[in-house]
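Here is a short briefing for a reader meeting this structure for the first time. Look over the sequence and the model, then read on.

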Amino acid sequence: MSDADEREAAEARLRQEYAETTDRLRATTADFEAMVDASAGSNADDEHDPEGATIAFERSQLAAVIDQLRTRLIDVEAALARVEDGSYGVCEGCDGQIAAQRLEARPTARTCIRCASRASV
């Protein structure tokens, strides 16, 4: 497979992931807003209501998922920008090539495995 073919395949994967993540973000945000709207009119006291802790926990979980999805969109947008400028697949740590297997498993990877393992220590 040529470099141009690999770049096109990577861009297609990233665009698909962007669309799927956008859909998940939209649905999760709607779920969160529905939960907030449903509890807005209630007189629930989270501290004393046995269901209050569950509602607060679920709301917190959805908020965390929304944050993760937003971060994922930022990562995918950055990867698409790297595809556009020709730096996709180049490690930001050592300027070496990121292995195709790593990019297949993690299309938004910015570093090679060696640099990523150094950063996590």
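**Glu17 in helix 1**

Glu17 is buried, because its relative accessible area is 16%, and buried means under 20%. This comes from a predicted model. Glu17 belongs to helix 1. The points below move from this residue to the fold, the core, the largest pocket and a loop.

**Around Glu17**

- Which residues does Glu17 touch, not counting residues up to four places away in sequence? Its partners are Arg72, Val76 and Pro107.
- Helix 1 spans 3–40, and Glu17 sits in that helix.

**Overall fold**

- The protein has 4 helices and 0 strands.
- Read from the N terminus, the order of elements is α-α-α-α.
- Of the 121 residues in the protein, 26% are buried.
- Take the contacts between residues at least 6 apart in sequence: 56% of them join residues at least 24 apart.
- The exposed surface of the protein is about 8000 Å². Carbon and sulfur atoms supply 51% of that area.

**Helix 1 meets helix 2 at Leu69**

- Leu69 is part of helix 2, which covers 52–85.
- Is Leu69 buried or exposed? Leu69 counts as buried, because its relative accessibility is 4% and the cut-off for buried is under 20%.
- Leu69 and Leu25 are 44 residues apart in sequence. In space, their C-alpha atoms are 6.0 Å apart.
- Leu69 also touches Leu25, along with Thr21, Arg24 and Thr28; residues up to four places away in sequence are not counted.

**The nonpolar core**

- In soluble globular proteins, nonpolar side chains tend to be buried together.
- Here, the largest nonpolar core holds 13 residues. Leu14, Tyr88, Cys91 and Leu103 have the most contacts inside it.
- Helix 1 and helix 2 are the elements that give two or more residues to this core.
- Helix 2 gives the most to this core, with 4 residues.
- What does Tyr88 touch, not counting residues up to four places away in sequence? The list is Ala10, Arg13, Leu14, Ala79, Arg82, Val83, Leu103 and Pro107.
- Two of these partners, Leu14 and Leu103, are named with Tyr88 among the core residues with the most contacts.

**The largest pocket**

- The largest pocket has a volume of about 360 Å³.
- How many residues line the largest pocket? The lining has 17 residues.
- Asp3, Glu6, Arg7, Tyr88 and Leu103 lie nearest the centre of the largest pocket. Tyr88 and Leu103 also appear in the largest nonpolar core.
- Helix 1 and helix 3 (100–105) each supply at least two residues of this lining.
- Helix 1 provides the largest share of the lining, 6 residues.
- By class, the lining of the largest pocket has 9 nonpolar, 3 polar and 5 charged residues.

**A loop residue with positive phi**

- Most residues other than glycine have a negative phi.
- Asp95 is not a glycine, yet its phi is positive, about 65°.
- Where does Asp95 lie? Asp95 is in the loop between helix 2 and helix 3.
- Asp95 is exposed, because its relative accessible area is 63% and exposed means over 50%.

**To recap**

- Glu17 and Leu69 are buried, whereas Asp95 is exposed.
- Helix 1 gives the largest share of the lining of the largest pocket, while helix 2 gives the most to the largest nonpolar core.

Methods. Residues are numbered from 1 along each chain as its sequence is written. This is a predicted model: local features need pLDDT of at least 70, side-chain atom pairs count only at pLDDT 80 or more; totals for chains, interfaces and linings use all residues. Side-chain values use heavy atoms; hydrogens and water are left out. On a 1 Å grid over the protein atoms alone, a cavity is a set of points where a 1.4 Å probe fits but cannot get out, and a pocket is an open set with protein on both sides within 12 Å along at least five of seven lines; lining residues have an atom within 4 Å of a point. Grid points are joined across faces, edges and corners, and a volume is the space filled by probe spheres set on the points. Ala, Val, Leu, Ile, Met, Phe, Trp, Tyr, Cys and Pro count as nonpolar, Asp, Glu, Lys and Arg as charged, and the others, Gly among them, as polar. Buried means under 20% relative accessible area, exposed over 50%, partly exposed in between (1.4 Å probe, protein chains only). Contact means heavy atoms within 4.5 Å. Accessible areas come from the Shrake-Rupley method with a 1.4 Å probe; for residues, only the protein chains shown count as cover. A nonpolar core is a set of buried Ala, Val, Leu, Ile, Met, Phe, Trp, Tyr and Cys residues joined through side-chain atoms within 4.5 Å.
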